[in-house]
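Student: Could you take me through one part of this model in detail? I would like to look closely at a single strand and then see what surrounds it.

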Amino acid sequence: MTVAIILLAAGASSRTAENGHHKLLAEFEGVPLLRRMAMVARASQASSVTVVLGYRHEELRHILSGLDVHSIVNPDFASGMASSLAAGFATEDAQEADGVMVMLADMPAVTTEHLDWMIKAFTDAGDRSIVRAVSAGQPGNPVILPSSLRASVLQIQGDVGARHLIKSSGLPIINVEIGQAAETDVDTPEAVAAAGGVFARPSTASF
């Protein structure tokens, strides 16, 4: 049984862009956040990792150089997260997998161990359940969706993820406790600093 990872990294990083920064270029222990999260994903038991890029995609693709991951560009990224989900689910790797883990690139506390806990829970359930990371029981990210939901994911529109689909699917939901990592993202410069990240230098490049 296989799980493909879709790492969403297409957003405009609007709350850090005011200072010329992109949150996914913030460095954690000397490694840009996007590269760090791609490495975390690739080290897991997932069968493949696809990074969905959009805003400043050429610069971010360079950050992934040398890693065993695929990257695609969502030209419609400005319309919201749904289009990036659809782009990821439409890839061959996602179509061939029994389940797809949706992972957000701006969550630096998520570890390979967390991902493997979730993948094991999914495979143990026989690909008939949704597996969701939680923090003290509260829903968070990442999430694994079984292949049976692929068509429904492709119909989502707007700046929304799959949360409403999870609620309406009727499928069993397995919660995997990963602590604060399930809800810690870095949408602002203050959040980047609080999580231990630094911006190496301002960037005004636009792609």
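Tutor: Happy to! Let's take strand S6, residues 99–104, which is mostly covered: six of its six residues are buried. Keep in mind as we go that this is a predicted model.

Start with the directions of the side chains. In a regular strand, side chains alternate between the two faces of the sheet. In S6, Gly 99, Met 101 and Met 103 point one way, while Val 100, Val 102 and Leu 104 point the other way, and all of them are buried.

Now for the neighbours of S6. Strand S1, residues 3–9, runs parallel to S6 and is joined to it by six bridges. If you want a place to put your cursor, try Ile 5, whose bridge partner in S6 is Met 101. With strand S8, residues 138–146, S6 pairs in the antiparallel sense, over four bridges. Here Val 100 has Leu 145 of S8 as its bridge partner, and Val 102 has Val 143 of S8.

Zooming out, these strands belong to an open sheet of seven strands in the order S5-S4-S1-S6-S8-S7-S9, with mixed pairing. The edges are taken by S5 and S9, each of which has a single partner strand, so one side of each is left without a neighbour in the sheet. On average, and ignoring direction, neighbouring strands of this sheet are turned by 25 degrees against each other.

A helix also belongs in this picture. Helix H6, residues 112–124, lies across S1, S6, strand S7 (130–135), S8 and S9. Its direction is at about 50 degrees to S8.

From here you can follow the edge strand S5 to an aromatic pair. The structure holds one such pair. Its members are Tyr 55 and Phe 77, and the pair is tilted, at 6.5 Å centre to centre with 50 degrees between the planes. This pair links distant parts of the chain, 22 residues apart: Tyr 55 sits in the loop between strand S4 (48–53) and helix H3 (57–63), and Phe 77 in the loop between strand S5 (70–73) and helix H4 (81–89). Tyr 55 has 19% relative accessibility and therefore counts as buried, whereas Phe 77, with a relative accessible area of 23%, is partly exposed.

Helix H4, which borders the loop of Phe 77, is mostly covered, with seven of its nine residues buried. Those buried residues are Ala 82, Ser 83, Ser 84, Leu 85, Ala 86, Gly 88 and Phe 89. You can set helix H2, residues 33–42, beside this: its buried residues are Leu 33, Leu 34, Met 37, Ala 38, Val 40 and Ala 41. They are on the same side of H2, because they cover an arc of only 160 degrees around the axis.

Finally, go to the other edge strand, S9. Asp 187 lies in the loop between strand S9 (173–177) and helix H9 (189–194). With 19% relative accessibility, Asp 187 counts as buried. The side chain of Asp 187 makes a polar contact, at 2.6 Å, with the side chain of Lys 23.

Definitions and conventions: Residues numbered from 1 in each chain as written. Predicted model: local features only at pLDDT ≥ 70, side-chain atom pairs only at ≥ 80, totals over all residues. Heavy atoms only, no water. Buried < 20%, exposed > 50% of the residue type's maximum accessible area, 1.4 Å probe, protein only. Helix = DSSP H or I, 4+ residues; strand = E, 2+ residues; numbered from the N terminus. Arc of directions from axis to C-beta. Polar contact = N/O pair within 3.5 Å; in protein donor to acceptor, adjacent residues only side chain to side chain. Pairing = 2+ DSSP bridges. Phe/Tyr/Trp six-rings, centres within 6.5 Å; stacked < 30°, edge-to-face > 60°. Axes fitted to C-alpha atoms, helices over the stretch in contact; angles between N-to-C directions. Contact = heavy atoms within 4.5 Å.
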